[in-house]
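Reader: I would like the terms used for this model set against their cut-offs. Please take the metal sites one at a time.

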Amino acid sequence: MKVTFLGTGVAVPLAKKAQSSLLIEDDKLILVDCGFGCMLRLEEAGYSPSDLDAILITHFHTDHCGELIGILKARWLESDEKIDLFAPFAKENLEAVLEAYPYLRTKVKVVTKDKPKFGSMKFEVREGKHAIINYAYKIENLLISGDTRSFPELYEDVEIAIHEMSLNFGYKAVDHTTPENFVENARVKKAYFVHMYPEAYENRSKIKEFVEKHGVDASFPDDLESFEI
Ligand SMILES: [Zn+2]
Ligand SMILES: [Zn+2]
């Protein structure tokens, strides 16, 4: 299974970082989140929207789903296949959004199963703790957090986390993760930190040192970096 980061940025501009988005590739090609800038990165990673088998969305903040309509439109032009769109928490919102684009609906299937499965790729859905409903996705031993504060139940059977680290040291972790909040709760071996607001991003070397002192190997990937499991 190969994971490629398309967007490692956040809801405010950060140089060279598209907003939240990544690709998971095995026997299917799955896009998890589609914040602004991800379609360009998808093309730079060597794919087109018509190569995607499904789109999973963690939550309905625009830095995670803002480019959805653009991707669906590009795919509508390029492909005759329907794409699976998984965002059950937002089914009514999605239906309302798609109402404005009736032509897109002919090539979109909204999937609402509890445990989405695409080919051999089985996802588990775990509710996060964020300002609005956010779902983290687990596949094999990998967790994709979306936006959430860290709490122990998120990490059952997880060894690797692609995790938001929105906030720097010293903030109260309510809707987002801080370094202190992460080390207190996350029992994982490896963390790829993304979705960092500028203050945290500028302090990433101290965050790395702190997290690694607590036994978690920490990376801060840029757009288009990838790893294999
Ligand atoms: Zn959010
Ligand atoms: Zn966000």
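**Two zinc sites**

Reader: Why is the site of the zinc ion (ligand 2) called irregular?

Author: Its four donor atoms make angles of 90 to 168°. Four donors are tetrahedral if all angles lie between 85 and 135 degrees; four are square planar and six octahedral if opposite donors are over 155 degrees apart and all others between 65 and 115; anything else is irregular. The 168° angle rules out tetrahedral, and the site is irregular. This is a predicted model, in which local features need pLDDT of at least 70 and side-chain atom pairs pLDDT 80 or more, while totals for chains, interfaces and linings use all residues; side-chain values use heavy atoms, without hydrogens and water. Residues are numbered from 1 along each chain as written, with chains lettered from A and ligands numbered from 1 in written order.

Reader: What makes Asp63, His64, Asp147 and His195 donors of the zinc ion (ligand 2)?

Author: They coordinate it at 2.1 to 2.2 Å, and donors are N, O and S atoms within 2.8 Å of the metal (3.2 Å for Na, K and Ca); water is not among the atoms, so sites may look incomplete.

Reader: Which residue bridges the zinc ion (ligand 2) and the zinc ion (ligand 1)?

Author: Asp147 does, and the ions lie 3.5 Å apart.

Reader: Why is His59 called buried, and what is His61?

Author: Buried means under 20% relative accessible area, exposed over 50%, partly exposed in between (1.4 Å probe, protein chains only). His59 has 0%, so it is buried; His61 has 26%, so it is partly exposed.
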